[in-house]
Amino acid sequence: MARISLTPRRTLTVRFAQWYSRRAYGKVMEPALAMGHHPRILRSYFSFENKVARWKALDPALKHLAELVSAAAIGCSWCVDFGYWQADRLGLPLEKISKVPAWRDHQESFTELERGVMEYTEAMTATPPAVTDELAEGLRGRLGEAAFVELTMMVAVENLRSRMNSAMGLHSQGFSDNCAIPLTRGPGRG
């Protein structure tokens, strides 16, 4: 159960967020409802996410893997659920995506570059961060500097999302229920 009411005052900002959310995702997203208690934060966050969506230096599949690994490492079932739905919409192979939360047990399913991105994501998501010079240099060399910066920022953005949603007590909202194959949830991620 959420740690904050998901029925904020119906300000113009909240009504717009509800309309947009239904139009874009088929349902009102609970993080928006939680942020709706502070309309200025909701507006700022919406603007921020719109700008993040325009970053295009990093391959979208690698970006998505990084987001899912970070969400799984933090234990944000809401983000993993939504991320799985997004993967389906992006046309990513869902059988492969379902292995992301336990990717180290399924390394043969991922390319060397994908494994490097997921390892970097885990290292960056750790508290304190455990990124080594070798790990960063290897990825920077393979991705290029712009994509490496974008990867680093995407992991940071997903940390923001996942930590906020987890702290607010938001859980899976049923996005992955609409995917072609069911999400394999790790322990404690239900």
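The following exercises, with worked solutions, concern helix packing and selected residues in a predicted model.

**Exercise 1. Determine how helices H7 and H9 are oriented relative to each other, and which residues form their contact.**

Solution.
Step 1. Two packed helices are described by the angle between their axes and the distance between the axes.
Step 2. Helix H7 spans residues 112–125 and helix H9 spans residues 145–167. Their axes come within 10 Å and cross at roughly 50°.
Step 3. Angles under 35 degrees count as roughly parallel, and 65 to 115 as roughly perpendicular. The crossing angle falls in neither class, and H7 and H9 are therefore oblique to each other.
Step 4. The crossing in which H7 passes H9 is right-handed.
Step 5. On the H7 side, the contact involves Val117, Tyr120, Thr121, Met124 and Thr125. On the H9 side, the partners are Phe148, Leu151, Thr152, Val155, Ala156, Asn159 and Arg163.
Step 6. Sorted by class, this contact of H7 with H9 comprises seven nonpolar, four polar and one charged residues.

**Exercise 2. Carry out the corresponding analysis for helices H3 and H9.**

Solution.
Step 1. Helix H3 covers residues 39–52, and its axis comes within 12 Å of that of H9. The two axes cross at roughly 150°.
Step 2. Angles over 145 degrees count as roughly antiparallel. H3 and H9 are therefore roughly antiparallel to each other.
Step 3. The handedness of the H3 and H9 crossing is left-handed.
Step 4. H3 contributes Tyr45, Phe48, Glu49 and Val52 to the contact, while H9 contributes Met154, Val157, Leu160 and Arg161.
Step 5. The class division for the contact of H3 with H9 is six nonpolar, no polar and two charged residues.

**Exercise 3. Describe the environment of threonine 125: is this residue buried or exposed, and which polar contact joins its side chain to that of serine 70?**

Solution.
Step 1. Threonine 125 is placed in helix H7.
Step 2. Its relative accessibility is 6%; the cut-off for burial is under 20%, so threonine 125 counts as buried.
Step 3. The side chains of threonine 125 and serine 70 are joined by a polar contact of 3.2 Å.
Step 4. The side chain of threonine 125 also reaches a backbone atom, the oxygen of threonine 121, at 2.8 Å.
Step 5. When residues up to four places away in sequence are not counted, threonine 125 touches Ser70, Ala73, Ile74, Val155, Asn159 and Arg163. Among these, Val155, Asn159 and Arg163 are also listed in the contact of H7 with H9.

**Exercise 4. Follow the chain from H7 to H8, locating the cis peptide bond and characterising alanine 136.**

Solution.
Step 1. The cis peptide bond joins threonine 127 and proline 128, with omega about -5°.
Step 2. Proline 128 belongs to the loop between H7 and H8.
Step 3. Alanine 136 lies in helix H8, which comprises residues 133–143.
Step 4. With a relative accessible area of 17%, under the 20% cut-off, alanine 136 is buried.
Step 5. Setting aside neighbours within four places in sequence, the contacts of alanine 136 are Tyr120, Val131 and Phe148. Tyr120 in H7 and Phe148 in H9 also take part in the contact between those helices.
Step 6. Alanine 136 and threonine 152 are 16 residues apart along the chain, with their C-alpha atoms separated by 9.7 Å.

**Exercise 5. For glycine 169 and serine 176, compare separation along the sequence with separation in space.**

Solution.
Step 1. Glycine 169 lies in the segment after H9, as does serine 176.
Step 2. Glycine 169 is buried, at a relative accessible area of 3%; serine 176 likewise counts as buried, at 4%.
Step 3. Glycine 169 and proline 31 are 138 residues apart in sequence, yet 10.0 Å apart in space, C-alpha to C-alpha.
Step 4. Serine 176 and aspartate 88 are 88 residues apart in sequence and 8.7 Å apart by the C-alpha distance.
Step 5. Apart from residues up to four places away in sequence, glycine 169 touches Met1, Ala2 and Arg3.

**Exercise 6. State where threonine 11 is placed and which backbone atom its side chain approaches.**

Solution.
Step 1. Threonine 11 is in the segment before helix H1 (12–25).
Step 2. Its relative accessibility is 14%, and threonine 11 counts as buried.
Step 3. A polar atom of the threonine 11 side chain lies 3.2 Å from the backbone nitrogen of valine 14.
Step 4. The C-alpha atoms of threonine 11 and phenylalanine 175 are separated by 26 Å, with their positions 164 residues apart along the chain as the sequence separation.

How values were computed. Residues numbered from 1 in each chain as written. Predicted model: local features only at pLDDT ≥ 70, side-chain atom pairs only at ≥ 80, totals over all residues. Heavy atoms only, no water. Axes fitted to C-alpha atoms, helices over the stretch in contact; angles between N-to-C directions. Helix = DSSP H or I, 4+ residues; strand = E, 2+ residues; numbered from the N terminus. Left-handed = near helix turned anticlockwise from the far one by under 90°. Contact = heavy atoms within 4.5 Å. Nonpolar A, V, L, I, M, F, W, Y, C, P; charged D, E, K, R; others polar. Buried < 20%, exposed > 50% of the residue type's maximum accessible area, 1.4 Å probe, protein only. Polar contact = N/O pair within 3.5 Å; in protein donor to acceptor, adjacent residues only side chain to side chain.
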